[in-house]
Amino acid sequence: QVQLVESGGGSVQPGGSLRLSCVASGDIFSIYTASWHRQAPGEQRELVAHINSAGKINYADSMKGRFTISRDNAKNTVYLQLNSLKPEDTAVYYCYAELSSANWGIRRRSYWGRGTQVTVSS
């Protein structure tokens, strides 16, 4: 079984912080590339941040300066640090990752996590 599992969401006041984690598990070798996305109910899913295999990072404009994506390859984990949170950041945050496995040869496979809720309110 191969899974991505997000955690770390919760309810915070405006200006607060959270650190989200995305852990890949199963018979995999590594996370190749990964990204965080978010989706509020009734709204489209949007890209938050992306990190490639070399650690190069891209952010959506509205998240620059407040959010930080990082990875720990030894732990098969990707993080999203959320700072200076605003009510409009309220959403389910999803992890998406390309994974590699010896069982798949050279081909990588992509998986979505099931999301973790972030709620920002007074």
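Buried means under 20% relative accessible area, exposed means over 50%, and partly exposed lies in between, all taken with a 1.4 Å probe and protein chains only. The model on screen is a predicted one, in which local features need pLDDT of at least 70 and side-chain atom pairs count only at pLDDT 80 or more, while totals for chains, interfaces and linings use all residues. Residues are numbered from 1 along each chain as its sequence is written, and side-chain values use heavy atoms, with hydrogens and water left out.

**Stop one: the disulfide**

Select C22 and C95, which are joined by a disulfide with an S to S distance of 2.1 Å; a disulfide here is a pair of cysteine sulfur atoms within 2.5 Å, and the count by this rule comes to one. The pair links distant parts of the chain, since C22 sits in strand β3 (residues 18-25) and C95 in strand β9 (residues 91-100), 73 residues apart. Strands are DSSP runs of E with at least two residues, numbered from the N terminus. Look along the S-S bond of C22 and C95: the torsion about it is about -80°, so the disulfide is left-handed. C22 counts as buried, at 0% relative accessibility, and C95 counts as buried at 0% as well.

**Stop two: the salt bridges**

A salt bridge is a side-chain nitrogen of Lys or Arg within 4 Å of a carboxyl oxygen of Asp or Glu, and five are counted by this rule. Select R38 and D89 to see one of them, with the closest N and O atoms 2.9 Å apart. R38 lies in strand β4 (residues 30-39) and D89 in the loop between β8 (77-82) and β9, so this salt bridge ties together parts that are 51 residues apart in sequence.

Keep D89 selected and add R66, with which D89 forms a salt bridge whose closest N and O atoms are 2.7 Å apart. R66 is in the loop between β6 (57-59) and β7 (67-72), 23 residues from D89. Are these two residues buried or exposed? D89 counts as buried at 0% relative accessibility, and R66 is buried with a relative accessible area of 12%.

Move next to R108 and E98, a salt bridge whose closest N and O atoms are 3.9 Å apart. R108 lies in the loop between β9 and β10 (109-112) and E98 in strand β9, so the pair ties together parts that are ten residues apart in sequence. R108 counts as partly exposed at 36% relative accessibility, and E98 counts as partly exposed at 23%. Elsewhere, salt bridges that share partners join R38, E46, R66 and D89 into one network.

**Stop three: A97 and the nonpolar core**

Stay on strand β9 and select A97, which is buried with a relative accessible area of 0%. Leaving out residues up to four places away in sequence, A97 touches L4, I31, T33, A34, R109, S110 and Y111, where contact means heavy atoms within 4.5 Å.

Finish with the largest nonpolar core, which has 30 residues, those with the most contacts inside it being W36, L80, L82 and Y93. A nonpolar core is a set of buried Ala, Val, Leu, Ile, Met, Phe, Trp, Tyr and Cys residues joined through side-chain atoms within 4.5 Å. Strand β9 supplies the largest share of this core, five residues. Select L80 last: apart from neighbours within four places in sequence, the residues in contact with L80 include W36, V48, F67, I69 and Y93.

Key:
Helix = DSSP H or I, 4+ residues; strand = E, 2+ residues; numbered from the N terminus.
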